[in-house]
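Subject: A structure for you to look through

Hi there,

Here is the structure I promised to pass on to you. Have a look at it first, and then read on for what turned up in it.

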Amino acid sequence: MSVTTVPLRPVSKGGLWLMWFGVAGLIAAAIAFAVMSTPRIGFEVVKEGTGNSPTMSDVVLVKYEGKLDDGKVFDANEQAPFQVAQTAPGFAEALTRMKKGGKYKVTIPPALGYGDKDNGPIPGGSTLHFDVELLEFKTEAEVLAMQQQMQMMQQQMQQQQMPVAPPSGAPQP
């Protein structure tokens, strides 16, 4: 039995370079596709704030107005406290990019907002537009300390309001 061998021609150096350029082009195209297909928020600074930005565990106090594409206002508040992590993903991302005292215009695509489900006055698949002012923010530890302090003050006030019982054996009025 004989084995037939097929001679392979050597690959030229130019051919290897072309192959690597092709691989690099495919990788670049895949990265561009991934970046372009990932939903992102629109974030415009109207007035720059100062200091640090809140984190996902912080509690923020914001003034905001939310509108739909047609300009209809679906929600507004002069002083609304939120824990950043408990808001819609796009709103949370925007809050973590803000600074105290700043004013911002934020556009949230449906994938980072409420998706395809209706949410009160917001129809499913809606792009949300917000005008937001970050008034203040506190860390979770600061909020817990404030709550404990308020509870202690309430307990002290309740103790001061309790009638004091007369000592036993004292005449009753």
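Of the 173 residues in this chain, 21% count as buried. Please keep in mind that the model is a predicted one. The chain has 3 helices and 5 strands, and if you follow the sequence from start to end you meet them in the pattern α-β-β-β-α-β-β-α.

Let's begin at the surface. L16, M19, W20, V23, I27, I31, V35 and M36 make a nonpolar surface patch of about 820 Å². One of these residues, L16, sits in helix 1, which covers residues 13-37. Is L16 buried, partly exposed or exposed? Its relative accessibility is 42%, and because the partly exposed range runs from 20% to 50%, L16 counts as partly exposed.

Next, the pockets. If you wonder how such spaces are found, rolling a probe the size of a water molecule over the atoms shows where empty space is left.

The largest pocket has a volume of about 210 Å³. Its lining is made up of Y64, F74, D75, F82, T87, A88, F91, I108, Y114, I122, L128 and F130. Two elements give two or more residues to this lining, namely strand 3 (73-83) and strand 5 (128-138). Strand 3 has the largest share, with 3 residues. Sorted by class, the lining of the largest pocket holds 10 nonpolar residues, 1 polar and 1 charged.

The second largest pocket comes to about 180 Å³. It is lined by 13 residues, and the closest to its centre are K63, Y64, D131, V132 and E133. Which strands supply at least two residues each to the lining of the second largest pocket? They are strand 2 (59-67), strand 3, strand 4 (103-108) and strand 5. What is the make-up of this lining by class? Here you will find 5 nonpolar, 1 polar and 7 charged residues.

Finally, the salt bridges. The structure holds 5 of them, and here are some to find on your screen.

- K105 and D131: the closest N and O atoms of this salt bridge are 3.0 Å apart. K105 belongs to strand 4 and D131 to strand 5, so the pair ties together parts that are 26 residues apart in sequence. Both residues count as partly exposed, K105 at 38% relative accessibility and D131 with a relative accessible area of 27%. You have already met D131 among the residues closest to the centre of the second largest pocket.

- E136 and K100: these side chains meet in a salt bridge at 3.2 Å, N to O. E136 lies in strand 5, while K100 is in the loop between helix 2 (89-95) and strand 4, so this pair ties together parts 36 residues apart in sequence. E136 is partly exposed at 25% relative accessibility, and K100 is partly exposed at 36%.

- E93 and R97: the side chains of this pair meet in a salt bridge at 3.7 Å, N to O. E93 has a relative accessibility of 33%, which means that it counts as partly exposed, and R97 counts as partly exposed too, at 41%.

A good way to start might be to pick out strand 5 and look for E136 and D131 on it, since E136 lies in strand 5 and so does D131.

Enjoy exploring, and write back with any questions!

Best wishes

Methods:
Residues numbered from 1 in each chain as written. Predicted model: local features only at pLDDT ≥ 70, side-chain atom pairs only at ≥ 80, totals over all residues. Heavy atoms only, no water. Patch = residues over 30% accessible without salt bridge, like charges linked within 9 Å, V, L, I, M, F, W, Y side chains within 5 Å. Areas by Shrake-Rupley, 256 points an atom, 1.4 Å probe, with all protein chains shown as cover. Salt bridge = Lys/Arg side-chain N within 4 Å of Asp/Glu carboxyl O. Helix = DSSP H or I, 4+ residues; strand = E, 2+ residues; numbered from the N terminus. Buried < 20%, exposed > 50% of the residue type's maximum accessible area, 1.4 Å probe, protein only. 1 Å grid on protein atoms, 1.4 Å probe; cavity = no way out; pocket = protein on both sides within 12 Å on 5 of 7 lines; lining within 4 Å. Points joined across faces, edges and corners; volume = space filled by probe spheres on them. Nonpolar A, V, L, I, M, F, W, Y, C, P; charged D, E, K, R; others polar.
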